[in-house]
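Me: I want to check the labels put on this model. For each one, tell me what justifies it.

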Amino acid sequence: MKKRNINIDLIKCIAVFSVISVHFFANAGLYKNIINSTNMYVGIIFRTLFMICVPLFIITTGYLMKNKILSKKYYLGVLRVLIIYLLDAFIYLGYNAIYNGESFSIRHIIKSILNFDIGYSWYIKMYLGLFLLIPFINLIYNNLKNKKQKQVLILTMLVLTSFQGIFNIKYILIPDWWISIYPLTYYFIGCYLKEYKVDLNKYLNILLFIIVLIVSSIINLYFSKGNYFKFGVYNDWGSIFNVLTSALVFIFIINLNLNKVPNKISKIISKISELSLGMYLNSSVIDDFLYFHYFKDIDFFSFKGYFKIVPLVLILSISLSIIINIIYKIIDKYIVKRLTKLFIK
């Protein structure tokens, strides 16, 4: 059995915790209220911090899948993602039928699943496209001749998808047509970090991270203070600020020496990493229940609210993902593995 990379597992844990945290600010009203109080200002800073969530997942994908090639076995690998998505979808649709009075008809179920109109399933819609492209993306990356050419590739992707976060804040100085392909930028960064060890001095790494976070937070505060939260190219997923903070976090964690981490802690980190996809998806049901049903009369937009609800979302999403994972393993044992043997001889 292949030994797990505890550093990668820890990165996934940070990513899924950041997902739950960034959703706190959406569900607690950061985007629906005027930014005019200390709690709101602090909220914007932490919202800026936790935007590393999705980028970390995609960088990790590039790091782990850099050498994947076109094959039947590769394509069958998507079944795990699809099965977990379907299991979470039925939970989501069943929950909405019970608590929110939505339809649970066959037509509604099929339409919702195919349209990815289920909680936080936009990530699955993005990931499936990336998954299909990965063997071809790898051909591009792996057939470049040297390190310099790969650096030029990443720089080109940054120009297409990320530098707008600096140069297009007020005026459009760089064409922005391609910014939606930012997942490829993060994927190539993951490939590069897998191939070439980027080992910054840890204190320099932390300092650079803090500087970027402060600059990004100041820009967010400047445009949002006294108004509703303003979304823009400077705080979107592909923004250069999110690229830098995410890459710096990844570099810092991947270079940590975790050999002395107690075995029990390592197992917990590995288990949460294994459950992270299900946690991401099922947290939408848990969010809806806790924010809009169970705690609906409490103002959560505060530190007290954050530390009251986010750990609870984390625990419940882990618990639900354990159940989903058990069901998936049964399906994998009796269906997926047989399909694999049938198609791969």
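Me: What kind of crossing does H8 make as it passes H10?
Reply: In this predicted model, H8 passes H10 in a left-handed crossing. H8 covers residues 147–161 and H10 covers residues 182–195.

Me: Why is H8 called roughly antiparallel to H10?
Reply: The axes of H8 and H10 cross at roughly 155° and come within 9 Å. Angles over 145 degrees count as roughly antiparallel. H8 is therefore roughly antiparallel to H10.

Me: Which residues make the contact of H8 and H10?
Reply: H8 contributes Lys147, Lys150, Gln151, Leu153, Ile154, Met157, Leu158 and Thr161. From H10 come Tyr182, Leu184, Thr185, Phe188, Ile189, Tyr192 and Glu195. By class, nine are nonpolar, three polar and three charged.

Me: What makes H7 oblique to H10?
Reply: H7 and H10 pack at about 50°, with axes 10 Å apart. Roughly parallel needs under 35 degrees, and roughly perpendicular runs from 65 to 115. An angle of about 50° fits neither range, so the pair is oblique. The handedness of the H7 and H10 crossing is right-handed.

Me: Which residues of H7 and H10 meet?
Reply: On H7 they are Trp122, Met126, Leu130, Ile134, Ile137, Asn138 and Tyr141. On H10 they are Tyr182, Pro183, Leu184, Tyr187, Phe188, Cys191, Tyr192 and Glu195. The contact of H7 with H10 has 13 nonpolar residues, one polar and one charged.

Me: Why are H3 and H12 called oblique?
Reply: H3 (residues 53–65) and H12 (residues 240–254) pack at about 55°, and their axes are 9 Å apart. Roughly parallel stops at 35 degrees and roughly perpendicular starts at 65. H3 and H12 are therefore oblique to each other. Their crossing is right-handed.

Me: What residues meet there, and how do they divide by class?
Reply: Pro55, Leu56, Ile59, Thr60 and Tyr63 of H3 meet Ser246, Ala247, Val249, Phe250 and Ile254 of H12. Eight residues of this contact are nonpolar, two are polar and none is charged.

Me: What is notable about the phi of Phe116, and where is Phe116 found?
Reply: Phe116 has a positive phi, about 55°, although it is not a glycine. The loop between H6 (106–114) and H7 (122–142) holds Phe116.

Me: Which residues does Phe116 touch, leaving out those up to four places away in sequence?
Reply: Tyr85, Ser121, Ile124, Lys125 and Leu128. Phe116 and Ala89 are 27 residues apart in sequence, yet 8.9 Å apart from C-alpha to C-alpha.

Me: How do you know that Arg80 sits over the ring of Tyr328?
Reply: Arg80 lies over the face of Tyr328, 6.0 Å from the ring centre. The distance cut-off is within 6 Å.

Me: How many aromatic pairs are there, and which residues form one cluster?
Reply: The whole structure has 37 aromatic pairs. One cluster is formed by Phe17, Phe24, Phe25, Phe46, Phe50, Tyr291, Phe292, Phe303, Tyr306 and Phe307. What makes two rings a pair is centres within 6.5 Å.

Technical notes:
Residues are numbered from 1 along each chain as its sequence is written. This is a predicted model: local features need pLDDT of at least 70, side-chain atom pairs count only at pLDDT 80 or more; totals for chains, interfaces and linings use all residues. Side-chain values use heavy atoms; hydrogens and water are left out. Rings of Phe, Tyr and Trp (its six-membered ring) pair if their centres lie within 6.5 Å; planes under 30 degrees apart count as stacked, over 60 as edge-to-face and the rest as tilted. A charge sits over a ring if NZ of Lys or CZ of Arg is within 6 Å of the ring centre and within 35 degrees of the ring normal. Axes are lines fitted to C-alpha atoms, for helices over the stretch in contact, and angles run from 0 to 180 degrees between N-to-C directions. Helices (H or I, at least four residues) and strands (E, at least two) are DSSP runs, numbered from the N terminus. A crossing is left-handed if the near helix is turned anticlockwise from the far one by less than a right angle, and right-handed if clockwise. Contact means heavy atoms within 4.5 Å. Ala, Val, Leu, Ile, Met, Phe, Trp, Tyr, Cys and Pro count as nonpolar, Asp, Glu, Lys and Arg as charged, and the others, Gly among them, as polar.
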